[in-house]
Amino acid sequence: MSTYLSKREKQIGAAIAVFTLAGFLFTWLPFLVSANSHKVPKSVHPLEYLLVGVAMVLGALAGVLFSRRLIGGALFMLLAFGPWGSSIILGFPALAFGAFTAFKRDPRTMAARREEAERKREERQQAKATAKTTTKGGKSLPAPSKRYTPPASTRRRSKKNN
């Protein structure tokens, strides 16, 4: 399986990172402009939220462009849960791309696994077939008779009939 992203997937990841960066700017720039913001906690300045969001976007972008599929996908999924404030819905494209990227499997690898499982299943069936036709001593069993009728099961008589 290819553990690296294709060129097209990297382009899509970069576009989603740019969209996410625009989302952070859209979310936190109005709070930086207005001095009397009531929605932001007094202990943290909106600039800090903006800087954390930008750092997360840059980290996720670097993960997609320069590292493996699983790491890039995980970083994008973490980006979706960044400091969004009340605009959490803007992180959903990053979450969707991260999940798609991290859990995508190569079709050729999956087909090879299916063929291997089918081959093992056939080997087990052949082993069962040879085990049924031979005894422990290695002698072959006779073919079952078509005219054989198993004995009727005897029911226990009740005490009333005795």
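A salt bridge is a side-chain nitrogen of Lys or Arg within 4 Å of a carboxyl oxygen of Asp or Glu. The legends below apply that cut-off to a predicted model.

**Figure 1. The protein chain is built from 5 helices and 0 strands.** The predicted model is shown whole before the close-ups. Along the sequence the pattern reads α-α-α-α-α. The protein chain has 162 residues, and 25% of them are buried. Take the contacts with a separation of 6 or more: residues 24 or more positions apart account for 61% of them. The accessible surface comes to about 12,500 Å². Carbon and sulfur atoms hold 63% of that surface.

**Figure 2. Arg119 and Glu123 meet in a salt bridge within helix H5.** The N to O distance is 2.5 Å. That value is within 4 Å, so the pair counts as a salt bridge. The two residues stand 4 residues apart, about one turn of the helix. Are the partners buried, partly exposed or exposed? Arg119 has a relative accessible area of 37%, so this residue is partly exposed. Glu123 reaches 43% relative accessibility and therefore counts as partly exposed too.

**Figure 3. Arg121 and Glu118 form a salt bridge in helix H5.** The closest N and O atoms are 2.3 Å apart. Helix H5 covers residues 107-133. The spacing in sequence is 3 residues, about one turn of the helix. Arg121 is partly exposed because its relative accessibility is 37%. Glu118 has a relative accessible area of 35%, so Glu118 is partly exposed as well. Side chains of opposite charge can pair when their charged atoms come close.

**Figure 4. Glu9 and Arg69 form a salt bridge between helices H1 and H3.** The structure holds 5 salt bridges. In this one, the closest N and O atoms are 3.1 Å apart. The pair links distant parts of the chain, 60 residues apart. Glu9 sits in helix H1 (residues 7-33). Arg69 sits in helix H3 (residues 69-80). Are Glu9 and Arg69 buried or exposed? Both Glu9 and Arg69 are buried. Which residues make up the salt-bridge network here? Glu9, Arg69 and Lys104 are linked in it.

**Figure 5. Thr101 of helix H4 is in contact with Arg69.** Thr101 has a relative accessible area of 1%, so Thr101 is buried. Which residues touch Thr101, leaving aside neighbours within four places in sequence? Leu5, Arg69 and Gly73 are in contact with it. Arg69 thus appears again: this residue also forms the salt bridge with Glu9.

**Figure 6. Phe24 and Trp84 form a stacked aromatic pair.** The count of aromatic pairs comes to 3. In the pair of Phe24 and Trp84, the rings lie 4.1 Å centre to centre. The planes are at 15 degrees. Planes under 30 degrees apart count as stacked. The pair links distant parts of the chain, 60 residues apart. Phe24 lies in helix H1. Trp84 lies in the loop between H3 and helix H4 (92-103). Phe24 and Trp84 are both buried.

**Figure 7. Trp28 and Tyr49 form a stacked pair between helices H1 and H2.** The ring centres are 4.6 Å apart. Why is the pair of Trp28 and Tyr49 stacked? The planes are at 20 degrees, so the pair is stacked. Trp28 lies in helix H1 and Tyr49 in helix H2 (residues 46-66), so the pair ties together parts that are 21 residues apart in sequence. The accessibility of the two rings' residues is worth checking. Trp28 has a relative accessible area of 6%, so Trp28 is buried. Tyr49 is at 23% relative accessibility and therefore counts as partly exposed.

**Figure 8. Ile71, Leu75 and Leu78 make a nonpolar surface patch.** Its area is about 260 Å². Leu78 lies in helix H3. Where does Leu78 stand: buried, partly exposed or exposed? Its relative accessibility is 54%, so Leu78 counts as exposed. Helix H3 also holds Arg69, the salt-bridge partner of Glu9.

How values were computed: Residues numbered from 1 in each chain as written. Predicted model: local features only at pLDDT ≥ 70, side-chain atom pairs only at ≥ 80, totals over all residues. Heavy atoms only, no water. Buried < 20%, exposed > 50% of the residue type's maximum accessible area, 1.4 Å probe, protein only. Contact = heavy atoms within 4.5 Å. Areas by Shrake-Rupley, 256 points an atom, 1.4 Å probe, with all protein chains shown as cover. Phe/Tyr/Trp six-rings, centres within 6.5 Å; stacked < 30°, edge-to-face > 60°. Patch = residues over 30% accessible without salt bridge, like charges linked within 9 Å, V, L, I, M, F, W, Y side chains within 5 Å.
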